[in-house]
Amino acid sequence: APNPAKKDLPPPPPDVQKTKPDPEYPSGVFNLTIHHAINVERQDLTGRKGEREGQAGQDTDDPTQQNDNLPSPYCEVIVNDDLVFKTRVKQYNTQPFFEAPIEVFVRDWQDSVVRVVMRDSRVRESDPILGVVSLRMAEVFSEASSVTSTWAITEGQGFGKINMSLAFRGIRTKLPKNMIGWNTGTLDVGDVTVDIDESHRELLPSNGMKLLVKTSDSLE
């Protein structure tokens, strides 16, 4: 029988697969899940057939698991230049499964960048970068609030792809302008001029002066 109270129920929430985030509320919770990596290899590791395809050879056909130079990959998640998460190391694996979720508060999704850096864990070495996936949230969420896809790693010493899910859920709040931005930035000091009274010019050191710039984290 028809439900007479159905018309009085609140409307269902919008489908995140088809609705992009509301620009009216730029702040919210960003969710990233790293599912698995595909055909992760070092530059000097060749596949069984050695065939490469895609941009700059980002994929190989049927990589062998018997090579002596297998990578031990793990991923670092960097949101707006801040390291927020690191996965476990998958020893000697070209098809690692991570299934690693992370949630982080983002002040403005339209001006945020997420980078997933895949590194190769090596003993007594500085864990070289196999590749990086750099994504602008404004481009990822241009048509939907939840996206699952595969991206190729670039700008590193290896090849492969990463399968990930990204989602954003806005919060009904508006932060003031001075609170919307990144925690990490670059300070560029240009031309500096000093005005000194003529009566105090003799107090200047003869060997020149130095400019001291101090921030909360470093001193230059």
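Phe-141 is fully tucked away in this predicted model: its relative accessible area is 0%, so it counts as buried. Phe-141 also takes part in more than a single ring contact, and its partners are worth following through the fold. With Phe-30, also a buried residue, Phe-141 makes an edge-to-face aromatic pair, with 6.3 Å from centre to centre and 70° between the planes. Phe-30 belongs to strand β1 (residues 28-42), while Phe-141 sits in the loop between α1 (137-140) and β9 (146-152), so this pair ties together parts that are 111 residues apart in sequence.

Phe-141 pairs with Phe-168 too, this time in a tilted arrangement, at 6.3 Å centre to centre and with 40° between the planes. Here again distant parts of the chain are linked, since Phe-168 comes from strand β10 (residues 158-170), 27 residues away from Phe-141. Phe-168 has a relative accessible area of 6%, under the 20% limit, and is therefore buried as well. In total there are three aromatic pairs, and ring pairs join Phe-30, Trp-109, Phe-141 and Phe-168 into a cluster. Another kind of ring contact turns up at Tyr-25, where the charged end of Lys-174 sits over the ring, 5.9 Å from its centre.

As for the overall layout, the protein has one helix and 10 strands, and the order along the sequence is β-β-β-β-β-β-β-β-α-β-β. Of its 220 residues, 34% are buried. The exposed surface comes to about 14,800 Å², with carbon and sulfur atoms supplying 49% of that area. Looking at contacts between residues at least 6 apart in sequence, 65% of them join residues at least 24 apart.

Strand β10 has pairing partners in both β1 and β9. With β1, the pairing is antiparallel and runs over 12 bridges; within it, Thr-33 has Ser-165 of β10 as its bridge partner. With β9, the pairing is again antiparallel, through seven bridges, and Val-147 stands opposite Leu-166 of β10. β9 and β10 make up a hairpin with five residues between them, and Glu-155 in the turn shows a positive phi of about 60°.

Gly-160 is another β10 residue, and its relative accessibility of 0% makes it buried. The C-alpha atom of Gly-160 lies 7.1 Å from that of Ala-37, although the two residues are 123 apart along the chain.

What about the nonpolar interior? In soluble globular proteins, nonpolar side chains tend to be buried together. In this model the largest nonpolar core holds 28 residues, and those touching the most other members are Phe-30, Leu-32, Val-114, Ile-162, Met-164 and Leu-166. At least two core residues come from each of β1, β4 (73-79), β6, β7 (113-120), β8 (129-136), α1 and β10. The top contributor is β1, which gives five residues. Ile-162 has a long list of contacts beyond four places in sequence, among them Ile-34, Ala-37, Cys-75, Val-116, Met-118, Val-133 and Trp-151. That list also takes in His-36, Ser-149 and Thr-150.

Phe-105, in strand β6 (residues 97-106), is a contrast to the buried rings described above: with a relative accessible area of 44%, Phe-105 is partly exposed. Setting aside neighbours within four places in sequence, Phe-105 is in contact with Ser-27, Gly-28, Ile-171 and Leu-175. For one of these, Ile-171, the C-alpha atom is 9.9 Å from that of Phe-105, with their positions 66 residues apart along the chain.

Strand β6 also contains Glu-99, which has a positive phi of about 50° despite not being a glycine. Glu-99 is partly exposed, at 46% relative accessible area. A positive phi in a non-glycine residue shows up at Asp-81 as well, with a value near 70°. Asp-81 lies in the loop between β4 and β5 (82-86) and, at 38% relative accessibility, is partly exposed.

Technical notes: Residues are numbered from 1 along each chain as its sequence is written. This is a predicted model: local features need pLDDT of at least 70, side-chain atom pairs count only at pLDDT 80 or more; totals for chains, interfaces and linings use all residues. Side-chain values use heavy atoms; hydrogens and water are left out. Helices (H or I, at least four residues) and strands (E, at least two) are DSSP runs, numbered from the N terminus. Buried means under 20% relative accessible area, exposed over 50%, partly exposed in between (1.4 Å probe, protein chains only). Contact means heavy atoms within 4.5 Å. Accessible areas come from the Shrake-Rupley method with a 1.4 Å probe; for residues, only the protein chains shown count as cover. Rings of Phe, Tyr and Trp (its six-membered ring) pair if their centres lie within 6.5 Å; planes under 30 degrees apart count as stacked, over 60 as edge-to-face and the rest as tilted. A charge sits over a ring if NZ of Lys or CZ of Arg is within 6 Å of the ring centre and within 35 degrees of the ring normal. Two strands pair if DSSP finds at least two bridges between them. A nonpolar core is a set of buried Ala, Val, Leu, Ile, Met, Phe, Trp, Tyr and Cys residues joined through side-chain atoms within 4.5 Å.
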